[in-house]
Every structure is written in C-alpha cells, then in structure tokens.
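Reader: I'm new to this one. Please take me through it piece by piece.

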Amino acid sequence: LALARRLSGQTYHTYVLVGDGDMQSGVAWEGAMTAAKYCTSEMTVIMDFNDVQLDGAGHDIMPLEPLKEKWSSFGFSVVEIHGHNVARILEALDEALDIHSRPTVIIAHTTKGKGVSFMENTAKWHGGVPSDEQYQAARAELQEVL
C-alpha cells in the first residue's frame, strides 16, 4: 500500500498492525526488508509486544529479542513505548510522521489481558472465552479502573 501510494501520487499514510506472534514468521520479515529497501517512510508499523501467544510465552516458543536491534538492522526507525499509555501512543505516531527517510516501527510493550487480574499474562485467555461469572468479574475489575 505504501508503494502504491507513492506510485499513484496520493498522500495517505499506511499503518500496519502486527503482533509479536506475527513477527515469528519469515514472510513478515520479508515485508520489513521490502519496506526498508524502498524507503517507505509513508508507512508505520505498530507492533503489539505482549510476549503471550496461544501456546504460552513467546520467548519460550520463538524468541524475538533483541527486537529493537532486529528492526533497526532491517532498516527501520524504531520507537519503543508503553503500549497502554494513550498519550505516548499518539506522540509516537506523530514522531513516525516526522521521519521521511525510512519506515518506522512502534514497538508497543503491552500486557495481555491488562486490567483483569485473572487474565493478565495468561496464555489461556489468548483465545479463551470467559464464563458468565468470569465475564462479570472482568467487567467489575475494569470498571474500577475507569
């Protein structure tokens, strides 16, 4: 999309949302290499990095670290943020728009299930469905935060 934007002369910015599990595949890194080769500064990747996937902890299944260095070596500008801080997310998006020489990745460090004590950092909830009681308990915990 970023290359098509350039060829068409349009002025939109492309945002790509990926999870840490997505980045365990070779095709994702092939896309990153292509974006860097063509200096697609009109593209920002936002990567949710919570280190939890269906089968357990990402670092046990297929470690991605050193993540910042990997993205940099692929030719990206790297911005690391606390992914639950909305103000910082907006700042990082603005930072990415100011970089005109290469694509940017925003690595958003997050907590899977943030705000629900029995769901936080637990692989079971990656694709699990709460019971009615668990749903009510989760709602109650999240309402306390608001």
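Reader: Let's start with Glu91. What does it count as by relative accessibility?

Author: Glu91 is partly exposed, at 44% relative accessibility. Buried means under 20% relative accessible area, exposed means over 50%, and partly exposed is in between, using a 1.4 Å probe and protein chains only.

Reader: What should I know about the model itself?

Author: It is a predicted model: local features need pLDDT of at least 70, side-chain atom pairs count only at pLDDT 80 or more, and totals for chains, interfaces and linings use all residues. Residues are numbered from 1 along each chain as its sequence is written, and side-chain values use heavy atoms, with hydrogens and water left out.

Reader: Back to Glu91. Which side chain does it meet in a salt bridge?

Author: That of Arg88, at 3.5 Å from N to O. A salt bridge here is a side-chain nitrogen of Lys or Arg within 4 Å of a carboxyl oxygen of Asp or Glu. Both residues lie in helix H5 (residues 86-97), three residues apart, about one turn of the helix. Helices (H or I, at least four residues) and strands (E, at least two) are DSSP runs numbered from the N terminus.

Reader: Why does a spacing of three suit a helix?

Author: An α-helix has 3.6 residues a turn, so residues three or four places apart point the same way.

Reader: And what else meets Arg88?

Author: Glu95 does, in a salt bridge of 2.8 Å. Arg88 counts as partly exposed at 22%, and Glu95 is partly exposed as well, with a relative accessible area of 33%.

Reader: How many salt bridges are there?

Author: Four, by that rule. One of them joins Arg5 and Glu42, with the closest N and O atoms 2.8 Å apart. This pair links distant parts of the chain, 37 residues apart: Arg5 is in helix H1 (residues 2-8), and Glu42 is in the loop between helix H2 (26-37) and strand S2 (43-49).

Reader: Are those two buried or exposed?

Author: Both Arg5 and Glu42 are buried. They also belong to a network of salt bridges with Arg6.

Reader: Switching to H2. Which residues of H2 are buried?

Author: Trp29, Ala32, Ala35 and Ala36. They sit on the same side of H2, because they cover an arc of only 115° around the axis; the arc is that of the directions from the helix axis to the C-beta atoms. On the other side of H2, Val27 and Lys37 are exposed.

Reader: What do the buried ones pack against?

Author: S2 and helix H4 (67-73).

Reader: And what follows H2?

Author: Cys39, with a positive phi near 50°.

Reader: New topic: where is Asp20?

Author: In the loop between strand S1 (14-19) and H2. Asp20 is buried yet has no salt bridge, and the nearest side chain of opposite charge, Lys112, is 6.8 Å away. Lys and Arg count as positive and Asp and Glu as negative, with His and the chain ends not counted.

Reader: Which backbone nitrogen does its side chain reach at 2.5 Å?

Author: That of Asp51. In addition, the backbone nitrogen of Asn50 lies 3.1 Å from a polar atom of the Asp20 side chain.

Reader: Last one: how many helices and strands does the protein chain have?

Author: There are six helices and six strands. Buried residues make up 34% of the 146 residues.

Methods: Contact means heavy atoms within 4.5 Å. A polar contact is a pair of N or O atoms within 3.5 Å; within protein, one must be able to donate a hydrogen and the other to accept it, and residues adjacent in sequence count only if both atoms are side-chain atoms.
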